[in-house]
Amino acid sequence: MKLFILVASLCLTLSTVSSSLQPYEAIFNFGDSLSDTGNFLLSGALAFPVIGKLPYGETFFRRATGRCSDGRLVVDFIAEALGLPHLPPYLALSKGQDVKHGVNFAVAGATALDPQFFYQRKIGSVMWTNDSLSTQLGWFKKLKPSLCTTKQECDNYFKKALFLVGEIGGNDYNYAFFVGGNIKQLKASVPFVVEAITQATSALIEEGAVELVVPGNLPIGCSAVYLTLFRSPNEAVYDKRNGCLKAFNGFSKYHNSELKRALGALGLKYPHARIIYADYYRAAMPFYHAPQHYGFKSGTLRACCGGGGPYNFNNSARCGHIGSTACKDPSSYANWDGIHLTEAAYGHIAKGLIHGRFATPL
C-alpha cells in the first residue's frame, strides 16, 4: 500500500487505507538547506563550503555529503519509510543514470522568489545561491523526458511519485531579517513568497504530479541564529514555556497560515491532485516545549556545533570554521549549527509527519 499513503496521506490511520493502493516508487524533492542532499556543494557557489567536510555528516554517513546537518534530513527519513533509496542530488547525476526512484533538486540557501527580487531590494549580495525554486523547477522539466515520454507513460509514472515542495521560503525571510529587516516589513513580502510556492506547486501539477506535500516553515524564534542576533534584555519578548522569541515564531505562524490558505485554494483548482500541507512548525514545537522528553538532554536552543556565546552561535566562528567546536553527542541537541537542526530533531519531525497528526490533506 502507498506506504500508508505517505502513511495514509501523512495523516490518516493505517486501517483507513485500501490495500489495493500501490506504493510510491519515486520522490522528487524541491527546497533549500533543510532538504538539500548535495546540490549546493556541487554547484560551486562557495569556494570552500564548510558543509563539505566533517563534522557535517558525522552521525549517520560518517562523511560530509553536502547535507546541512550532522546526519539525515526529513527527506531521508521519508525515503527510508517508503522503502526508497536516499535521493541523489540533481547536479550529481551522470548521463544515462537510472533515476526512476527520484531526484533531489533542493539547494541550500535557495529562495522561493527569484534572485531579482532580492537584488532589486539591494540585498542580493548576501544570498548563498541563485538556484531558486524556479531554477529547480527548470531542472525537473529538463529531466522529465528521461523519466517518461508519452502522456500515458507520464501519468502512470507520476501517479506513483511523491513530490515534496519544500520546505522553501525560509531563506526569503532570513536574508532580509539578517540585514536589518523588521517583522512589519517582512510581512509585506509573505504574499509574494506564498505565491511563488503555490505557482511552483501548480506548475508541477501541470507537469503531471498528483501527490504533493508542501511543508510550512519551522519556528524561527527557536533558532539559535535568531536568538543570538535578536537577543534582548526584555524578558517579555521570550516565550516562558520554551525560551523562544515570540514575535518571530508569530511571523512563522503567519507565513504558514497564509501558505495553508493558498494551498486550499489550489486544491479546489486541481481536484484530481492530492495536496498535503506538512506542518513543520507544530511537528517541532513539542520538543521545544519538553526537550528532556524527546532525548534532548543538552536542550533545544543551543547549537551543538558553534563558536561560543549564549546559544553557541558566533557568526565569526560558525560550525566548521576556525574557532568552532562540535559537541560529543549531537543526538542530545535539537540545533546543529545555529541555523539547521540535528538528525535527531529532523527524525522527530519526520515521525510527526509520517506517523502523527502534522500533515493535512487539503
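I began with the sheet of this predicted model and found six strands in an open arrangement, ordered β2-β1-β3-β4-β5-β8, with mixed pairing. At its edges I noted β2 (102–104) and β8 (359–361), each of which has a single partner strand, so one side of each is left without a neighbour in the sheet. For the twist I read an average turn of 20° between neighbouring strands, with direction ignored.

I then looked up one pair within the sheet: β4 (residues 211–215) and β5 (residues 274–278) run in the parallel sense and are joined over five bridges, and for V214 I found Y277 as the bridge partner in β5.

Next I asked which strands α9 lies across. I found β1 (26–30), β3 (161–165), β4 and β5, with the helix running at about 170° to β4.

I also followed α9 (residues 190–206) to its packing with α5 (residues 133–143), where the angle is about 10° and the axes are 10 Å apart; since angles under 35 degrees count as roughly parallel, the two helices are therefore roughly parallel to each other. On the α5 side I listed L133, L137 and F140, which meet A196, I197, A200, A203 and L204 of α9. Sorting the residues of this contact gave eight nonpolar, no polar and no charged.

Last, I turned to the largest nonpolar core, which holds 116 residues, and recorded F28, F158, F163 and I349 as those with the most contacts inside it. The element that gives the most to this core is α9, with nine residues. For I349, leaving out residues up to four places away in sequence, I noted contacts with V74, L218, Y280, A283, A284, F287 and L341.

Definitions and conventions:
Residues numbered from 1 in each chain as written. Predicted model: local features only at pLDDT ≥ 70, side-chain atom pairs only at ≥ 80, totals over all residues. Heavy atoms only, no water. Axes fitted to C-alpha atoms, helices over the stretch in contact; angles between N-to-C directions. Helix = DSSP H or I, 4+ residues; strand = E, 2+ residues; numbered from the N terminus. Parallel < 35°, antiparallel > 145°, perpendicular 65-115°, else oblique. Contact = heavy atoms within 4.5 Å. Nonpolar A, V, L, I, M, F, W, Y, C, P; charged D, E, K, R; others polar. Core = buried A, V, L, I, M, F, W, Y, C linked by side-chain atoms within 4.5 Å. Buried < 20%, exposed > 50% of the residue type's maximum accessible area, 1.4 Å probe, protein only. Pairing = 2+ DSSP bridges.
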